[in-house]
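Here is a walk through one protein chain, taken a piece at a time. Keep the viewer open and follow along.

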Amino acid sequence: MTKWNCVNTRKNSPITILFECGWSGECFPAPSTPSSNDDGDSNSTLLGSATLKTAIAHVKPKIPALYLMDQNSAHTMTCGKNTVCGDEWETTMLCHFIYDDNGEEDVPVAVLDDGREAVVITLGDGSGIPSRGKASVVTRCLGKGGTYG
């Protein structure tokens, strides 16, 4: 019963995420501002039951490289020992991603300027962003007779 109580508490608790870009070191909190319980704006609060896709939607407009990474299927998230590729962002809940293989001491935490504690999630590592000078493998293969595979 203790295990389920712990899981349910994490699913229903508000959480703040600090997305760190692995290629540039820039950091973006989600939600970007602290929410008060009185404002009634549920869009400004992330719960542990939110999916990774929902969480990244808070910061995606601020990180143009994510659109490029989407096109190349090169987007990953890492938190402690856990790594999830972009194909699984729609089905993975924040609470499972953060705590499943990580003990409390393994979860990276940072304190934001406004005093909130945020779980640090690293986006990519820079290797998924293609260089401008070289075409992708798929593009090169398609250029050789129009077939791939």
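Let's start with the largest pocket. The residues lining it split into 8 nonpolar, 4 polar and 3 charged. Its volume comes to about 230 Å³. There are 15 lining residues, and those closest to the pocket's centre are Pro 14, Ile 15, Thr 16, Tyr 99 and Val 119. Three elements each put at least two residues into the lining: helix H1 (2-12), helix H4 and strand S6 (117-123). Strand S6 gives the largest share, with 3 residues. Bear in mind that this is a predicted model.

**The chain as a whole**

Stepping back, the protein chain has 5 helices and 6 strands. In sequence order they run α-β-β-α-α-β-β-α-β-β-α. The chain is 149 residues in length, and 32% of them count as buried. What about contacts between residues at least 6 apart in sequence? Of these, 62% join residues at least 24 apart.

**Val 119, at the pocket**

Back to one of the residues closest to the pocket's centre, Val 119. Val 119 sits in strand S6, and its relative accessibility of 7% makes it buried. Which residues does Val 119 contact, once neighbours within four places in sequence are left aside? The list is Ile 15, Thr 16, Ile 17, Leu 18, Cys 79, Ile 98, Val 107 and Pro 108. Two of those names, Ile 15 and Thr 16, have already come up among the residues closest to the centre of the pocket. For Pro 108, there is also a C-alpha to C-alpha distance: 5.8 Å from Val 119, with their positions 11 residues apart in sequence.

**Around helix H2 and the loop before H4**

Now over to Leu 52, which belongs to helix H2. Is Leu 52 buried or exposed? Its relative accessible area is 0%, so it counts as buried. Setting aside residues up to four places away in sequence, Leu 52 touches Met 77, Val 84, Trp 89, Thr 92, Leu 94 and Phe 97. Its C-alpha atom is 8.3 Å from that of Glu 88, a residue 36 places away along the chain.

One of Leu 52's contacts is Thr 92, found in the loop between S4 and H4. Thr 92 is buried as well, with 14% relative accessibility. With the same kind of sequence neighbours left out, Thr 92 touches Ala 50, Thr 51, Leu 52, Val 84 and Phe 97. Val 84 and Phe 97 therefore turn up in the contact lists of both Leu 52 and Thr 92. The side chain of Thr 92 also reaches the backbone oxygen of Glu 88, at 2.8 Å.

Ser 49 is in the loop between strand S2 (27-30) and H2. At 32% relative accessible area, Ser 49 is partly exposed. Beyond its neighbours within four places in sequence, Ser 49 is in contact with Lys 11 and Met 93. Its C-alpha atom lies 8.5 Å from that of His 96, which is 47 residues away along the chain.

**Salt bridges**

Side chains of opposite charge can pair when their charged atoms come close. How many salt bridges are counted here? The answer is 2 salt bridges, and both are in the table.

| Salt bridge | N to O distance | Relative accessibility |
|---|---|---|
| Glu 90 and Lys 53 | 3.6 Å | Glu 90 55%, Lys 53 43% |
| Asp 114 and Arg 116 | 2.9 Å | Asp 114 41%, Arg 116 13% |

Take the pair of Glu 90 and Lys 53, whose side chains meet at 3.6 Å. Why does this pair tie together parts that are 37 residues apart in sequence? Because Glu 90 lies in the loop between strand S4 (82-85) and helix H4 (94-99), while Lys 53 lies in helix H2 (residues 52-57). Glu 90 counts as exposed, and Lys 53 as partly exposed.

The other pair, Asp 114 and Arg 116, meets at 2.9 Å. Here Asp 114 is partly exposed, whereas Arg 116 is buried.

Methods: Residues are numbered from 1 along each chain as its sequence is written. This is a predicted model: local features need pLDDT of at least 70, side-chain atom pairs count only at pLDDT 80 or more; totals for chains, interfaces and linings use all residues. Side-chain values use heavy atoms; hydrogens and water are left out. A salt bridge is a side-chain nitrogen of Lys or Arg within 4 Å of a carboxyl oxygen of Asp or Glu. Helices (H or I, at least four residues) and strands (E, at least two) are DSSP runs, numbered from the N terminus. Buried means under 20% relative accessible area, exposed over 50%, partly exposed in between (1.4 Å probe, protein chains only). On a 1 Å grid over the protein atoms alone, a cavity is a set of points where a 1.4 Å probe fits but cannot get out, and a pocket is an open set with protein on both sides within 12 Å along at least five of seven lines; lining residues have an atom within 4 Å of a point. Grid points are joined across faces, edges and corners, and a volume is the space filled by probe spheres set on the points. Ala, Val, Leu, Ile, Met, Phe, Trp, Tyr, Cys and Pro count as nonpolar, Asp, Glu, Lys and Arg as charged, and the others, Gly among them, as polar. A polar contact is a pair of N or O atoms within 3.5 Å; within protein, one must be able to donate a hydrogen and the other to accept it, and residues adjacent in sequence count only if both atoms are side-chain atoms. Contact means heavy atoms within 4.5 Å.
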